[in-house]
Amino acid sequence: GVLSGRRLLRGGEVSDGGEGQHHSTRGPPRGSSWSRPLGRGAMASTGQRSVYADVEHWVRKTVKEATALAKSCTKPNLKECVRTAKAVGWSCFVLGLFGAVVELFFIPIVRLITGVTVENRALHR
């Protein structure tokens, strides 16, 4: 197809119409520092980074981000601690109350479904 006066060639290259003026849309530009091989050991013989290098890069990046996060955090003051403790306490209370209500609601329903009455409850233990 033609895109704004340029022709798309096989392999993702674009032609401006002039001879030898092909620009690749994939990968690094020709002659750039990207295409130059790094020193020995930095790249595997296949041209890909080794698993060790990938793991090392991931560990270094994670440690750097964790350190930055720890430096940016501040210690909470007493007011914030009390507010957090109250919120957690009320949440536990409401959750426990909800669980108790649900349990009390389902006890009679389970007895109706299973047919257990007060008279024959001792037989089902």
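**Asking why: helices, rings and a salt bridge**

Colleague: Why is Arg60 called exposed?

Modeller: Its relative accessible area is 57%, and the label exposed applies over 50%, so Arg60 qualifies. Keep in mind that this is a predicted model.

Colleague: What makes Arg60 and Glu56 a salt bridge?

Modeller: The closest N and O atoms of Arg60 and Glu56 are 3.0 Å apart. The rule asks for a side-chain nitrogen of Lys or Arg within 4 Å of a carboxyl oxygen of Asp or Glu, so the pair passes. By this rule the count comes to one salt bridge.

Colleague: How far apart are Arg60 and Glu56 along helix α1?

Modeller: They are four residues apart in that helix, which means about one helical turn between them.

Colleague: And is Glu56 buried or exposed?

Modeller: Neither label fits. Buried needs under 20% and exposed needs over 50%; Glu56 has 31%, so it is partly exposed.

Colleague: Which residues of the chain form a nonpolar patch on the surface?

Modeller: Val51, Val55, Trp58, Val59 and Val63, with about 490 Å² of accessible area together. Take Val55, which sits in helix α1 (residues 51–72). Its relative accessibility is 46%, and patch members need over 30%, so Val55 meets that cut-off. On the burial scale, Val55 counts as partly exposed.

Colleague: How many aromatic pairs are there?

Modeller: The count comes to two. In one of them, the rings of Trp90 and Phe93 have centres 5.8 Å apart and planes at 85°. Centres must lie within 6.5 Å, and planes over 60 degrees apart count as edge-to-face, so Trp90 and Phe93 are an edge-to-face pair. These two residues are three apart in helix α2 (residues 78–114), or about one helical turn. Trp90 is exposed, because its relative accessible area is 58%.

Colleague: What makes Phe105 and Phe106 a pair as well?

Modeller: Their ring centres are 5.5 Å apart and their planes stand at 80°, so this pair is edge-to-face. Phe105 has a relative accessible area of 53% and is therefore exposed. Phe106, at 42%, counts as partly exposed.

Colleague: What happens to α2 at Phe106?

Modeller: There is a bend of about 25° there, and a proline, Pro108, follows within four residues.

Colleague: How does the reach of α2 compare with the expected span?

Modeller: The helix has 37 residues and covers 53 Å from its first C-alpha to its last, close to the 54 Å expected at 1.5 Å a residue. After α2 comes Gly115, with a positive phi near 80°.

Colleague: Stepping back, which pattern does the protein chain follow along the sequence?

Modeller: The order is β-β-β-β-α-α, with two helices and four strands.

Colleague: What share of the protein chain is made up of buried residues?

Modeller: They make up 4% of its 125 residues, where buried means under 20% relative accessible area.

How values were computed: Residues are numbered from 1 along each chain as its sequence is written. This is a predicted model: local features need pLDDT of at least 70, side-chain atom pairs count only at pLDDT 80 or more; totals for chains, interfaces and linings use all residues. Side-chain values use heavy atoms; hydrogens and water are left out. Patches are made of residues with over 30% relative accessible area and no salt bridge: like charges are joined within 9 Å, nonpolar side chains (Val, Leu, Ile, Met, Phe, Trp, Tyr) within 5 Å. Accessible areas come from the Shrake-Rupley method with a 1.4 Å probe; for residues, only the protein chains shown count as cover. Buried means under 20% relative accessible area, exposed over 50%, partly exposed in between (1.4 Å probe, protein chains only). Rings of Phe, Tyr and Trp (its six-membered ring) pair if their centres lie within 6.5 Å; planes under 30 degrees apart count as stacked, over 60 as edge-to-face and the rest as tilted. The expected span of a helix is 1.5 Å times one less than its number of residues. The bend at a residue is the angle between axes fitted to the seven residues ending there and the seven starting there.
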